[in-house]
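Please look through the sequence and the model first, and then work through the questions below one at a time. Try to answer each one yourself before you read the reply.

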Amino acid sequence: MAEPVNFTMEEGEHIAIIGRNGSGKSMFVDILTGRHPAFPDMVEYGFDEPYNNLKHISFRDTYGGDNDKTYFLQQRWNQMEIDEETPTVGSKLEEAYKLAGEDTPERRALQQHIYELFQLEPLLDKYIILLSSGELRKYKLASSLFTNPKVLIMENPFIGLDGKTRDQLKALMDMLAKEQGLQMILVLAKTDEIPDFITHIVEVKDMKVLPKVEVSQWKPTTTESASSSSYPQTSDQGLSPVIEFRKVSIRYGERTILKDLDWTVRQGEHWSLSGQNGSGKSTLLSLVCADNPQSYACNISLFGHKRGSGESIWDIKRHIGYVSPEMHRSYKQNIPAIQIVASGLKDSVGLYVRPTEAEKEQCRKWLNTFGVGELADRKFMEMSSGEQRLVLLARAFVKEPDLLILDEPLHGLDDINRRMVKDLVDDYCKNPAVTLIYVTHYQEELPHCIDHALFLERH
């Protein structure tokens with residue numbers, strides 16, 4: 001941090017840590033948990049065995065494991081390759097429960113309450129690597145709560161969760177705070193998501209931890225207002241189809257993900273895609289982006305060509321600019337931001353072809369557009385999660401695609417950056433040739449250009 005850190009958490013307090021992207025919030029948490037290399041032993045705890053009594057969960061779009069194979073399987077499109085010994089949700093949660101302490105009726109009651117509140121019982125026989133991003137968050141939260149910590153630190157716990165699940169999580173947190181005596185520290189990018197049980201706010205600004213203030217004395221910044229919930233339909237006349245699904249069904253074992261889906265997206269249309277966690281949004285996008293081999297067995301046409309009629313994956317991807325939580329997870333190379341953006345020109349996760357000077361200028365243009373031009377030469381893993389997301393957004397726009405697919409693009413962004421990105425999307429979509437698919441669980445995150453909507457039900 002830029003200055004010495006002075007911070008005290010009293011018994012009974014629940015704290016929200018807020019601040020701009022790159023302000024130092026995660027560094028502050030590293031200090032609190034003793035993980036910062038410069039401050040390993042600078043925190044005093046009011047309880048013995050801090051490791052067992054303080055738990056930290058980071059939701060930075062890091063899904064699955066840390067190797068390419070796990071990421072490949074996490075995409076859920078190639079389930080035939082999963083080893084039968086791969087752990088299920090139920091087995092891992094039971095393992096976490098037993099490791100956390102003695103098996104008592106009270107602890108079993110809490111376990112069952114968490115299962116019911118998070119609707120985890122239908123997931124207990126599901127492989128961990130097949131969970132959607134929202135389902136994985138619920139699993140990780142439940143696993144940590146079984147350890148019965150005294151202090152729980154959570155970074156961005158609500159991103160990736162649908163509205164109903166966010167409300168359920170807030171209700172569970174409120175119960176744990178009031179009835180179980182669990183103290184919580186939440187690190188939040190969205191200041192309008194501060195739960196009612198939070199007692200104090202700590203703002204981190206320019207690598208400086210500001211004094212703790214009571215919630216009643218804190219003045220929140222203005223957040224964006226919701227876009228209209230009604231979508232004026234544009235005329236279909238004269239617009240060529242970009243995406244055509246005809247009675248598309250996707251099943252994995254006994255689970256139906258998509259059932260008899262008819263969907264046509266025409267050039268120049270701007271679609272919102274929403275639905276509960278696990279309703280099939282990521283599966284649908286995998287079909288559009290040519291990542292799912294099941295697309296060959298379905299009646300799907302992309303850019304006027306039926307899948308399997310001779311076009312390659314790269315023929316499809318060259319039209320598409322794409323960002324998603326899974327993509328964010330896949331970028332583990334500690335390479336400069338400009339190389340990350342340049343990989344979007346080649347539709348690769350890593351950069352395998354050296355960009356030309358003209359391509360580098362194109363990359364710098366979009367980094368500047370998203371307000372991170374000064375990060376062009378900074379290594380990706382040395383950025384905050386919000387800065388990484390802005391770099392990946394620049395990657396999605398860099399080739400100025402005809403079809404823009406933005407899956408939860410505002411994950412982890414602060415209020416100011418969320419408004420900026422929404423404005424940039426609206427401006428880009430003024431081009432009548434641009435087609436947009438925009439995924440979000442938040443109505444207020446929709447850009448104003450949205451004119452069509454698809455809501456997926458979970459089967």
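Q: In this predicted model, which residue of S14 is the bridge partner of Tyr322?
A: Strands here are DSSP runs of E with at least two residues and helices are runs of H or I with at least four, both numbered from the N terminus. S13 and strand S14 (residues 403-407) pair in the parallel sense over 4 bridges, and two strands are said to pair if DSSP finds at least two bridges between them. One of the partners in S14 is Leu403, which is matched with Ile320, while the partner of Tyr322 in S14 is Ile405.

Q: What pLDDT do local features need in this predicted model?
A: Residues are numbered from 1 along each chain as its sequence is written, and side-chain values use heavy atoms, with hydrogens and water left out. The model is predicted, so totals for chains, interfaces and linings use all residues, whereas side-chain atom pairs count only at pLDDT 80 or more and local features need a pLDDT of at least 70.

Q: Which residues of S13 point the other way from Ile320 and Tyr322?
A: In a regular strand the side chains alternate between the two faces of the sheet. Strand S13 (residues 320-323) has residues pointing both ways, and all of them are buried, that is, under 20% relative accessible area, where exposed means over 50% and partly exposed lies in between (1.4 Å probe, protein chains only). Ile320 and Tyr322 point one way, and the residues that point the other way are Gly321 and Val323.

Q: Which strands stand at the edges of the sheet S13-S14-S15-S10-S16?
A: This open sheet is formed by 5 strands with parallel pairing, and its neighbouring strands are turned by 15° against each other on average, direction ignored. An edge strand has a single partner strand, so one side of it is left without a neighbour in the sheet, and this applies to S13 and S16 (452-456).

Q: In the antiparallel sheet S9-S8-S11-S12, which residue of S11 stands opposite Glu244?
A: This open sheet has 4 strands, and strand S9 (255-266) and strand S12 (305-306) stand at its edges, so one side of each is left without a neighbour in the sheet. Strand S8 (residues 241-252) and strand S11 (residues 299-302) pair in the antiparallel sense over 4 bridges. The residue of S11 that stands opposite Glu244 is Ser301.

Q: How do the axes of H13 and H14 run: roughly parallel or roughly antiparallel?
A: Helix H13 (residues 385-397) and helix H14 (residues 415-428) have axes that come within 12 Å and cross at roughly 5°, where axes are lines fitted to C-alpha atoms, for helices over the stretch in contact, and angles run from 0 to 180 degrees between N-to-C directions. Angles under 35 degrees count as roughly parallel, over 145 as roughly antiparallel, 65 to 115 as roughly perpendicular and the rest as oblique. The crossing of H13 and H14 therefore counts as roughly parallel.

Q: Which residues of H13 meet H14?
A: Contact means heavy atoms within 4.5 Å, and on the H14 side the residues are Asn417, Met420, Val421, Val425 and Tyr428. By class, the contact has 7 nonpolar, 1 polar and no charged residues, where Ala, Val, Leu, Ile, Met, Phe, Trp, Tyr, Cys and Pro count as nonpolar, Asp, Glu, Lys and Arg as charged, and the others, Gly among them, as polar. The residues of H13 are Leu390, Leu393 and Phe397.

Q: How many residues apart in sequence are the parts that Glu13 and Lys212 tie together?
A: A salt bridge is a side-chain nitrogen of Lys or Arg within 4 Å of a carboxyl oxygen of Asp or Glu, and the side chains of Glu13 and Lys212 meet in one at 2.8 Å, N to O. Glu13 counts as buried at 10% relative accessibility, whereas Lys212 is partly exposed at 28%. Glu13 lies in the segment before strand S1 (15-18) and Lys212 in the loop between strand S6 (208-209) and strand S7 (213-214), so the separation of these parts in sequence is 199 residues.

Q: What distance separates the C-alpha atoms of Tyr127 and Pro87?
A: Tyr127 lies in the loop between helix H5 (105-117) and helix H6 (133-145), and at 24% relative accessibility Tyr127 counts as partly exposed. Tyr127 and Pro87 are 40 residues apart along the chain, and their C-alpha atoms are separated by 5.9 Å.
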